[in-house]
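Please open the structure in a viewer and follow the selections below in order. Each stop names what to select and then describes what is found there.

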Amino acid sequence: MTGPLILGIESSCDETGIGIVRGHELLANEVASSVDQHVRFGGVVPEVASRAHLQALIPTLRRATAAADIDLSEVDGIAVTAGPGLAGALVVGLAAAKALAVALNKPLYGLNHLIGHVAVDLLDHGPLPQPCAALLVSGGHTSLLRVGDITADITEIGATIDDAAGEAYDKVARVLDLSYPGGPVIDKLAAEGNPKAIRFPRGLTAQKDQAKHRFNYSFSGLKTATARWVETERLAGREIPLADVAASFQEAVADVLTAKAVDACEYLGVDTLLLGGGVAANSRLRGLLEERTAAAGITLRRPRPALCTDNGAMIAVLGAEVVSAGRRPSSLEIGADSGMPISTVLA
Ligand code: KG4
Ligand code: ZN
């Protein structure tokens, strides 16, 4: 067994995650979700999420140390999500991490949640070639990245100019009267539908968008087109073919995400594409990306679906990389940074 033993704490949204890794080896990944408390509001309520983190943190930590069969005194460092995310939710994880760092006299590493999503694949597929490209698709972010050294060298080459892919899933689910979060529900429904039933728009893929928006995404037009289509059918008294709408919407999302990601690899001259974020659990995105990267001679690295949504293991493994690279620990003075830029890996 090699590599530092790292405890990772994640609390940026509605999942309280505690992960423990040794280098690239996953020892524990315990997640307590407050999603059930948000369902009736159709989205995450920050105050409710913060309270749930407070309640879940210690029990989840206990489960993780038991699962990893370690004592907290053995860890080499405490990694925690410093941002981006909900400020009140981040503060809970940060306070716990600082308390542990002080009590155990261990270094603290305040990390970027988004880079954690990208780093989690290290647990499944080992060290990354440098540089590589990454497609990050979460509830709040959709970006194409050039990843050099994952602990210090991240460049965003494109991002959504409006909604994130996950946000589009959640909003379309609401239009279809499906439950929150929308991604998994639409993914499941789509399996029964025809992806060619309705031709929905592919944002920023026109020739005229190439100059300014070659690597940018836009999902708000797709969301509006889907809502309009459903509204027109409802007004006409027709039953909504839910599975076909879900499959056609999902096809539009997966089509643009994958086409631009492959183009980004070619532009960057890299032969490896890394996938990360909650939407990376999507079956069609995973399938289409596999087809298109294979056709282009690009190696695709996809973390197992269970590691795609928010968890503490992704923070722990990024922490292990940061420690192995000899980066300086964060100050105990760091605060929650809800708008942490994607190029800042370590606070
Ligand atoms: O990365 P994540 O867990 O949280 C953020 O950092 O935002 O991503 C959550 C997002 C939600 O919008 C959810 O609907 C979406 O990921 N998601 C999916 C799937 N599972 C989760 N979207 C599409 N297909 C899925 N299977
Ligand atoms: Zn996330």
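Begin by selecting residues 132–137, strand β6 of this predicted model. Of its 6 residues, 6 are buried, so the strand is largely enclosed by the rest of the structure. The cut-off applied here is a relative accessible area under 20%. Colour the two faces of β6 separately: Cys-132, Ala-134 and Leu-136 point to one side and are buried, and Ala-133, Leu-135 and Val-137 on the other side are buried as well.

Next, add the strands that pair with β6. Which strand is joined to β6 by a hairpin? Select β7, residues 142–147; a hairpin of 4 residues makes the connection. The two strands are antiparallel and share 6 bridges, and Val-147 of β7 is found opposite Cys-132. Then select β9, residues 272–276, which pairs with β6 in the parallel sense over 4 bridges. Here Leu-275 of β9 faces Leu-135.

**The zinc site**

Select ligand 2, the zinc ion, together with His-113, His-117 and Asp-310. The donor atoms are NE2 of His-113, NE2 of His-117 and OD of Asp-310, at 2.0 to 2.1 Å. Along the sequence these donors follow the spacing H-x3-H-x192-D. Now display helix α4, residues 113–119, as a ribbon: it carries both histidines, 4 residues apart, about one turn of the helix. Are His-113 and His-117 buried or exposed? Both are buried.

**The five-stranded sheet**

Move to the open sheet whose strands are ordered β3-β2-β1-β4-β5, with mixed pairing. Its edges are β3 (25–33) and β5 (108–112), each of which pairs on one side only. From one strand to the next, the twist averages 20°. Select β4, residues 77–83, with β5: these strands run parallel and are joined by 5 bridges. Within this pairing, Leu-111 of β5 is the bridge partner of Thr-81.

Two helices may now be added to the view. Helix α3, residues 87–104, packs on the sheet and touches β1, β4 and β5; its direction makes about 155° with that of β4. Helix α2, residues 46–68, lies across β1 (5–10), β2 (15–22) and β3, and runs at about 155° to β3.

**The two domains**

Colour the chain by domain: domain 1 comprises 5–120 + 311–324, and domain 2 comprises 131–303. Their centres, taken over C-alpha atoms, are separated by 27 Å. Selecting the contact between them should give 16 residues from domain 1 and 18 residues from domain 2. About 1,200 Å² is buried between the domains, 79% of it on carbon and sulfur atoms. Which three residues supply 40% of the area that domain 1 buries against domain 2? They are Leu-114, His-117 and Val-118, and no other three residues supply more. His-117 is thus a residue to keep displayed from the earlier stop, being also one of the donors to the zinc ion.

**A buried aspartate**

For the last stop, select helix α10, residues 242–268, and pick out Asp-255 within it. The relative accessible area of Asp-255 is 16%, so this residue counts as buried. Show its surroundings: apart from neighbours within four places in sequence, Asp-255 is in contact with Arg-202, Leu-288 and Arg-292.

How values were computed. Residues are numbered from 1 along each chain as its sequence is written. Chains are lettered from A and ligands numbered from 1 in the order in which they are written. This is a predicted model: local features need pLDDT of at least 70, side-chain atom pairs count only at pLDDT 80 or more; totals for chains, interfaces and linings use all residues. Side-chain values use heavy atoms; hydrogens and water are left out. Buried means under 20% relative accessible area, exposed over 50%, partly exposed in between (1.4 Å probe, protein chains only). Two strands pair if DSSP finds at least two bridges between them. Donors are N, O and S atoms within 2.8 Å of the metal (3.2 Å for Na, K and Ca); water is not among the atoms, so sites may look incomplete. Axes are lines fitted to C-alpha atoms, for helices over the stretch in contact, and angles run from 0 to 180 degrees between N-to-C directions. Contact means heavy atoms within 4.5 Å. Domain bounds come from an automatic or database domain assignment. Buried area is the accessible area (1.4 Å probe) that two parts lose on being put together, summed over both.
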